[in-house]
Each structure stands twice: as structure tokens, then as C-alpha cells.
Amino acid sequence: MTLRVLLTAILLAALPVAALAESGDDVIAVPALRASVTVTDEVVRIGDLIDNAGTAAQIAIYRAPDLGTTGSLPTAQVLGVLRAHQVIGVDTRDIKEVSITRLARTLESKDIELQVARALEHRNGLGDAANLSLTFDRDLQDIRLEASNSGAMQPAAVRFEPRGGRFDITFEIANDDVSTPTRLRFTGRAVETVEAAVLTRDIERNEVLKSSDVVVERRAKAEVGNDPATRDRAVGMQSRRQIHAGQALRVADLAKPDLVQRDQNVTLIFESAGIYLTIRGKALDGGTEGDVVNVLNLQSKRTVSGVVIGRGQVSISVATPQLPVNTGATERLGANETASPISLAANNRPPVPSKSE
């Protein structure tokens, strides 16, 4: 009886051991080394390097690489540090070295510049952000932040002095791990620019601009003013004054090219219903298309006014006399009689036959 009780007790004691063996993979797992590790903290812990590290997982053993960079550790060195913390029997999986990358959020310099420009947009007389040229007091470079800084760049304080163009802007970025946001401050100078037509060579007064004379550059708005000339507007126009190479053109600097020059021989043109007459003349004024100029009629030696309609061409109009309504006078005209034509020359000269140049 005693022997039978003893055997029963042994069998009952063995049952938990068998159950434990069946679930051994869950309870007794072998520590295994990882080949590649990513961390977000300033330190590397055993649990970052080892699977199934158990209670030793939170022990910090290395300083993490710089933000956004990757470093490596030889496996033998890692095993030595683990043994010092009683982590033994690690399965190395034939890994020769462990790669460790520290995650980070990178703010690229071009994105920072864009955010600064947007914060200054339409502030104290400034224009669109796309037209602002920024110069920072310190060289603007990419900025790496802890990966927990996931919020957008929000301007918290913005100051701008229109007279000197100085700006001082502080941004805040929300942090997932702490309640205090990360602050970034930038200072420098902002200048509003515009696209302007710029001369490639010296231009004399009244000279007509060719395509090769003009290029497009961005210039400070204060330099050009409120009426910068575009390249399309400048080419083919005539300069009102002497302008040196490198200067930005304004609309006020340009005019339509003169189609008639002072003292130039021109053609006077009279055109009416059924009549087209041309006479030689000499321009007493210069003018562009649509301008009214005085011209000396070389035939009659009289000065007439006309409108410039083309290169070397001036259109004139002659007042047609209005005959009184007199049926009797009309009846006295014979069937073969016609009214005398109107001459562009002196009234005491016979009509001049038309001639073209």
C-alpha cells in the first residue's frame, strides 16, 4: 500500500513538468541576436539587440548613433557586454556584426526656407512667399530632430522690420513624448523680388531693343519699382534714354519705336471715298504709330498735321466743304459739268496728279 501511494505521488508530480515541456517554446525561449536594429532613444538597450531578453531587456548598454545615422557593432563585442549582465547562451544566428540605426525626423533646408517665407508672406507690405529672397544669419542646413517630433512647423512668433528687411521667427513643433514642443528660431533678412528685363549691353537713347539685348533676371522690387518691364514688352521697343548694361528696365524707360523721324522725308496720304492721293513731305516732328505730327507739304510749302500710320507714312484729312442745299444751283450744272477736285496743295494752284513713292 505504501509503495502504491508513493508511485501515485511521483506520477502526479511529473504531470506539471510534462505540461511545461509541451509549452517550453513559450516559457523557456533562447535569446537570439538581431542583425539590424532601429532605435529612437539616445541609448541602446539589451532588448533592442536581443529577442527574448527577459528581465534584462531594459538595461542600457550603448550610446545610440547620432540622429539619422547608422552604426555597427561586432558580434563578439556585443556578446561580451551581454555576459557582463548575465545574458548568456545567445543564439548569434551566424551574424558577424549588428547594424544600429537611430531614427530621426529630418527638416530639409529648402523646406525650412519655404516655411519662413510663408510666415512672412503679405506681412508689413511684403508680397507672395514665392517672390521673397531670404538671407539667413547662419548657413541654413538640414536639421535632424528626435523622431517623436511629429508635429508641423507652426510659427509661434514672427517679427519683420520693413525698413531694414530683418526678420526673427520662432517655430514650434509638437512632440509625441513630452508636452513641451520643440522650438526652432531663425533670423535674417528678407527682400521681395520681381522678374525684370535686364539689358545685356549699353543702349543709346531712341535705340530699338533686339531679342539679344534683353535677358530675364530676378531683382529686388525696391530697385525696379512698381513698373518692371517684361522681356516680351521690352523687345522691339525704343529706349527713351541711355541705359547701361545690367540695368533692369521699367515700363517708363520704353516707348513704341518712332515710325517717323524729325526731318525725314515722308509720304503724306489722303484717302477718302474713291480717292487715294499721296504727296511728298518732310516731317517736322518725330512720332510713333498714332502720334500726330506736323509735316511740310513739299509741293505747296504749307505745314499740315497728320497721324503716323506706318514707317515714313502720315495720314492727313482735308475738310470737305459743305455746299448749301440749293436745288437751283444744282439744276444749273449741266449734264456734262462736274465739280472741281480738292487739292492738297495751295488753294491757288491747279490740282496735283497723284503719285506714289
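## Exercises on a predicted model

Leaving aside neighbours within four places in sequence, Glu289 is in contact with Leu259 and Val308. The structure is a predicted model, and the exercises below start from this residue.

**Exercise 1.** Locate Glu289 among the strands and decide whether Glu289 is buried, partly exposed or exposed.

*Solution.*
- Step 1: Glu289 sits in the loop between β18 (275-283) and β19 (292-297).
- Step 2: The relative accessible area of Glu289 is 49%.
- Step 3: Buried means under 20% and exposed means over 50%, with partly exposed in between. Glu289 is therefore partly exposed.

**Exercise 2.** Compare the separation of Glu289 and Leu259 in sequence with their separation in space.

*Solution.*
- Step 1: In sequence, Glu289 and Leu259 are 30 residues apart.
- Step 2: In space, the C-alpha to C-alpha distance between Glu289 and Leu259 is 6.5 Å.
- Step 3: Leu259 is one of the contacts of Glu289 beyond four places in sequence.

**Exercise 3.** Give the strand order of the barrel and describe how β17 and β21 are joined.

*Solution.*
- Step 1: The barrel is closed by five strands in the order β17-β18-β19-β20-β21, with mixed pairing. From one strand to the next, the twist averages 55°.
- Step 2: Strand β17 (residues 265-272) and strand β21 (residues 313-315) run parallel and are joined by three bridges.
- Step 3: Ile269 has Ser315 in β21 as its bridge partner.

**Exercise 4.** Place Val307 in a strand, classify its exposure and name the surface patch to which Val307 belongs.

*Solution.*
- Step 1: Val307 lies in strand β20 (residues 303-310).
- Step 2: With a relative accessible area of 33%, Val307 is partly exposed.
- Step 3: Patch members need over 30% relative accessible area. Val307, at 33%, forms a nonpolar surface patch with Val292 and Ile309. Together the three residues have about 240 Å² of accessible area.

**Exercise 5.** Explain why β2 and β6 count as edge strands, and place helix α4 relative to the sheet strands.

*Solution.*
- Step 1: Three strands form an open sheet in the order β2-β7-β6, and the pairing is mixed.
- Step 2: β2 (36-39) and β6 (70-74) each have a single partner strand, so one side of each is left without a neighbour in the sheet. The twist averages 25° from one strand to the next.
- Step 3: β2 pairs with strand β7 (residues 97-102) in the parallel sense over four bridges. Val37 stands opposite Ile100 in β7.
- Step 4: Helix α4 (residues 75-84) lies across β6 and β7 and runs at about 75° to β6.

Terms used:
Residues numbered from 1 in each chain as written. Predicted model: local features only at pLDDT ≥ 70, side-chain atom pairs only at ≥ 80, totals over all residues. Heavy atoms only, no water. Pairing = 2+ DSSP bridges. Helix = DSSP H or I, 4+ residues; strand = E, 2+ residues; numbered from the N terminus. Axes fitted to C-alpha atoms, helices over the stretch in contact; angles between N-to-C directions. Patch = residues over 30% accessible without salt bridge, like charges linked within 9 Å, V, L, I, M, F, W, Y side chains within 5 Å. Areas by Shrake-Rupley, 256 points an atom, 1.4 Å probe, with all protein chains shown as cover. Salt bridge = Lys/Arg side-chain N within 4 Å of Asp/Glu carboxyl O. Buried < 20%, exposed > 50% of the residue type's maximum accessible area, 1.4 Å probe, protein only. Contact = heavy atoms within 4.5 Å.
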